[in-house]
Amino acid sequence: MNRTVRLLALSRNRQNKVRSFFITLTVCFTTLLLTSVFSIGYGALDFERKNAEILYGEYYGSLSHLSAEEAEIVAERGEVAESGLSAYAGEAQTDEKLSLDLIWMDETCRRLCGSSSRLSSGRYPASSNEIAAQLGFFRAVGAESIRPRDTVTLMVRSDLESFYEPVKFTVSGILEENSDKRTVRGYTAFVSEEFLKNFQND
């Protein structure tokens, strides 16, 4: 009888040790997993916070569809330390399923949006019919091996109600390519203020 009780107690003790080992292992792995998740999450947030200016620009807000008078009023307000201007000039035609927008930005707006650091060669457009864009933009319109000072003819229109018309551009600069080409749904090219005024008034 005593021997049976002792064997039963030893067996129970062995089962308890195995169960305790697995419970301890589970707690350790759970702690490790939670620590890893929180560490990765904190690291990602810290990276975004430290590099927000590079990733998203240093502006705090944007206003759209402002007239020239309204933009001037905004720039004069005490709450606004600095303001820049940008405008949609039109779009270029392509056979691919991409949007190819033409925009103008002044120097302040480019700096606040972080676009100034994206220029890999050349310069931003200054005179009429100059353009700066990524190589992917030029490939989408059938122009390969583009360099600054090359010329390219694009079919462009100012809005959805207009017809595409050929415009000859001189490439003033090349922008850096997007890091993840699989997510690219379109490109933005920069044009000059002179082109914007002339093209919108035609």
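These are short questions and answers on surface patches and cysteines in a predicted model.

Reader: Why is Phe 29 called exposed or buried, whichever applies?
Author: Phe 29 has 52% relative accessibility. Exposed means over 50%. So Phe 29 counts as exposed. Phe 29 sits in helix H1, residues 2–50.

Reader: Which residues form the nonpolar patch on the surface?
Author: Val 18, Phe 21, Phe 22, Leu 25, Phe 29 and Leu 32. Together they have about 600 Å² of accessible area.

Reader: How many disulfides does a search of the whole structure find?
Author: Zero.

Reader: How do you know that Cys 109 and Cys 113 are not bonded through sulfur?
Author: The closest cysteine sulfur to that of Cys 109 is in Cys 113, 4.0 Å away. A disulfide needs the sulfur atoms within 2.5 Å. The pair is therefore too far apart for a bond. Seen from Cys 113, the nearest cysteine sulfur is that of Cys 109, and Cys 113 is in no disulfide.

Reader: What makes Cys 109 buried?
Author: Its relative accessibility is 9%. Buried means under 20%. So Cys 109 counts as buried.

Reader: And why is Cys 113 called partly exposed?
Author: Cys 113 has a relative accessible area of 29%. Partly exposed lies between under 20% and over 50%. Cys 113 therefore falls in that class.

Reader: Which residues gather in the patch of negative charge?
Author: Glu 69, Glu 70, Glu 72 and Glu 76, on the surface. Glu 70 belongs to helix H3, residues 68–76.

Reader: Why is Glu 70 called partly exposed?
Author: The relative accessible area of Glu 70 is 38%. Buried is under 20% and exposed is over 50%. Glu 70 is in between, so it is partly exposed.

Conventions
Residues are numbered from 1 along each chain as its sequence is written. This is a predicted model: local features need pLDDT of at least 70, side-chain atom pairs count only at pLDDT 80 or more; totals for chains, interfaces and linings use all residues. Side-chain values use heavy atoms; hydrogens and water are left out. Patches are made of residues with over 30% relative accessible area and no salt bridge: like charges are joined within 9 Å, nonpolar side chains (Val, Leu, Ile, Met, Phe, Trp, Tyr) within 5 Å. Accessible areas come from the Shrake-Rupley method with a 1.4 Å probe; for residues, only the protein chains shown count as cover. A salt bridge is a side-chain nitrogen of Lys or Arg within 4 Å of a carboxyl oxygen of Asp or Glu. Helices (H or I, at least four residues) and strands (E, at least two) are DSSP runs, numbered from the N terminus. Buried means under 20% relative accessible area, exposed over 50%, partly exposed in between (1.4 Å probe, protein chains only). Lys and Arg count as positive and Asp and Glu as negative; His and the chain ends are not counted. The place of a charge is taken as NZ of Lys, CZ of Arg, CG of Asp or CD of Glu.
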